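Before this structure goes any further, I would like to set out some remarks on it for a colleague at the bench. Please read them alongside the sequence and the coordinates.

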Amino acid sequence: MTDEGPLQETERLGAAPPVPQSGARRLAGLATIDLGPLRRHREYRLLWIGLAVSFFGTEMTYVAVPYQVYHLTGSSAVVGLLALVELVPLLTAAVIGGAFADAVDRRRMVRYTEIGLSLCSAILLGNALLPHPQVWVLFVVAALAAALGGFLRPSLDALTPRLVERDELIAAGALDSLRFQVGTIGGPVLAGVLIATIGLPGVFGIDLTTFLVSLAALSMMRAVPPPVDAERPSLKRIAEGFRYARGRPELIGTYGVDIVAMFFGMPNALFPALATKFGGAGVLGLLYAAPSVGSLVATLTSGWTRRVHRHGLGVIVAATAWGVGITVLGLAPSLWLALLALAFAGAADMVSGIFRSTIWNQTIPDRLRGRLAGIEQVSYSTGPLLGDVEAGVVGSLAGVRTSIVSGGILCVVGVGVAALLLPAFRRYDARTFVPEPEPAAV
């Protein structure tokens with residue numbers, strides 16, 4: 001990759017200057033997703049397309065593996081053990097992967113982890129083709145894939161700010177969210193159809209094929225070398241990342257508010273019980289899909305978010321809205337109101353995610369982006385898991401609806417307390433923040 005930034009590349013390609021827009025066009029721009037980063041930056045476009053294809057396949061496997069475990073064992077408890085098997089490798093690899101993301105070519109890290117994940121899909125395919133597939137293989141692959149995912153995300157999160165301009169990061173965050181939501185909605189739905197028609201080997205085979213597309217796109221990208229002042233990965237470098245995060249109240253706010261919202265307001269563990277109240281297993285998939293549908297709608301109408309500069313306050317408002325949506329879910333007398341409440345909550349969570357990623361991408365120095373992305377992944381993964389445990393325990397003691405309603409209310413209260421305890425996060429304004437100067441390229 002050359003030393004030119006994305007803006008210089010656009011100028012070199014002869015991009016025309018922006019033309020004045022009518023009031024109607026400006027209004028339409030506020031209500032639609034900004035595709036500018038995809039149009040203007042070849043490297044980002046290749047990354048986005050490649051990962052969109054492979055993530056779609058990954059979400060198919062996300063459904064297929066638990067299904068195969070249940071089919072082989074007949075035990076929901078064994079299926080639940082998959083999450084515990086994945087947790088430690090994911091969290092450990094996220095911290096270590098963050099250090100590597102700051103020390104090596106980030107595109108290469110993404111490519112290597114995609115190769116590893118494709119091998120996992122190949123193992124799943126081979127196991128599914130056996131006359132008697134082995135359950136232990138599924139658990140080993142689940143742990144390995146979780147570790148590879150922990151290595152992947154820090155490099156991926158730290159890569160995007162190198163491919164687009166600083167003022168395009170909100171738009172890029174929305175596009176990344178679009179890629180995610182299309183996968184989380186379409187992948188599981190298609191997986192269910194394919195499992196019933198062509199079987200598990202076909203699903204794993206398609207997943208493997210999607211990785212080949214991703215690897216082809218990544219191979220076409222130019223190298224993204226580490227920052228000029230990068231040092232070798234070490235425990236000292238990892239500790240430096242934690243010290244930096246601790247000294248940045250804006251970042252602590254993004255971690256804290258998200259953990260509070262997910263711990264108190266994550267109702268996924270109660271969906272099976274809730275589905276029985278609304279019609280049985282047939283509506284379970286709708287409950288799981290509804291938040292992603294809301295997130296997709298929020299992403300597709302996210303053009304307005306680039307006009308928001310108080311990103312910390314935006315996270316607080318969005319996290320509060322998530323709690324309100326979960327509270328309404330617990331009180332909903334009908335399935336359709338419950339689905340609307342979940343869609344509203346999912347949309348709020350997506351808006352929060354866009355603003356959180358913007359704070360990270362606009363304020364974290366390039367030399368620390370990988371390590372901070374690893375820390376963010378730890379907080380992102382821990383909250384929902386502990387939230388499911390909390391919801392399940394309260395639900396078993398006090399009832400499903402009580403658990404959901406109390407969780408939603410405590411989410412709103414907890415976010416409010418976090419906002420009061422973190423005034424710097426609440427007052428954060430991107431227009432006044434002065435980023436740390438980056439070393440000049442050599």
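The points below begin with confidence and overall make-up and then turn to individual helices and residues.

1. Confidence. This is a predicted model, and its confidence should be read before anything else. The mean pLDDT of the chain is 79, with 85% of its residues at 70 or more. Residues 1-19 have a pLDDT below 50, although in the model this stretch has 22 contacts beyond near neighbours in sequence.

2. Overall make-up. The chain has 18 helices and zero strands, and of its 442 residues 51% are buried. Among contacts with a separation of 6 or more, 88% join residues that are 24 or more positions apart. The exposed surface of the chain comes to about 19500 Å², of which carbon and sulfur atoms supply 70%.

3. Helix H8 and what follows. Helix H8 covers residues 169-197, and because each residue should add 1.5 Å, its 29 residues are expected to span 42 Å, which agrees with the 41 Å between its end C-alpha atoms. Just after H8, Gly199 adopts a positive phi of about 90°.

4. Gly183 within H8. Gly183 has its place in helix H8, and it counts as buried because its relative accessibility is 2%, where the cut-off is under 20%. Its C-alpha atom is separated by 6.0 Å from that of Phe55, a residue 128 positions away along the chain. When neighbours within four places in sequence are left aside, Gly183 is in contact with Phe55, Phe56, Glu59 and Pro188.

5. Ser121 in H6. Is Ser121, which belongs to helix H6 (residues 106-129), buried or exposed? Ser121 has a relative accessibility of 3%, and therefore it counts as buried. The side chain of Ser121 nevertheless has a polar partner, since a polar contact of 2.8 Å links it to the side chain of Asp207. Apart from neighbours within four places in sequence, the residues in contact with Ser121 are Phe204, Asp207, Leu208 and Phe211.

6. Thr210 in H9. Thr210 lies in helix H9, which runs over residues 200-220, and at 10% relative accessibility it counts as buried. If residues up to four places away in sequence are not counted, Thr210 touches Val53, Ser54 and Gly57.

7. Helix H11. The 17 residues of helix H11 (residues 249-265) should span 24 Å at 1.5 Å a residue, and the 23 Å between its end C-alpha atoms agrees with that expectation. The buried residues of H11 are Glu250, Leu251, Gly253, Thr254, Tyr255, Val257, Asp258, Val260, Ala261, Met262 and Gly265.

8. An aromatic pair. How many aromatic pairs does a search of the whole structure find? The search finds two. One of them joins Phe263 and Phe264, whose ring centres are 5.0 Å apart and whose planes meet at 80°, so the pair is edge-to-face. Phe263 is partly exposed, with a relative accessible area of 29%, and Phe264 is also partly exposed, with a relative accessible area of 25%.

Methods. Residues numbered from 1 in each chain as written. Heavy atoms only, no water. Helix = DSSP H or I, 4+ residues; strand = E, 2+ residues; numbered from the N terminus. Expected span 1.5 Å × (residues − 1). Buried < 20%, exposed > 50% of the residue type's maximum accessible area, 1.4 Å probe, protein only. Polar contact = N/O pair within 3.5 Å; in protein donor to acceptor, adjacent residues only side chain to side chain. Contact = heavy atoms within 4.5 Å. Phe/Tyr/Trp six-rings, centres within 6.5 Å; stacked < 30°, edge-to-face > 60°. Areas by Shrake-Rupley, 256 points an atom, 1.4 Å probe, with all protein chains shown as cover. pLDDT = per-residue confidence, 0-100.
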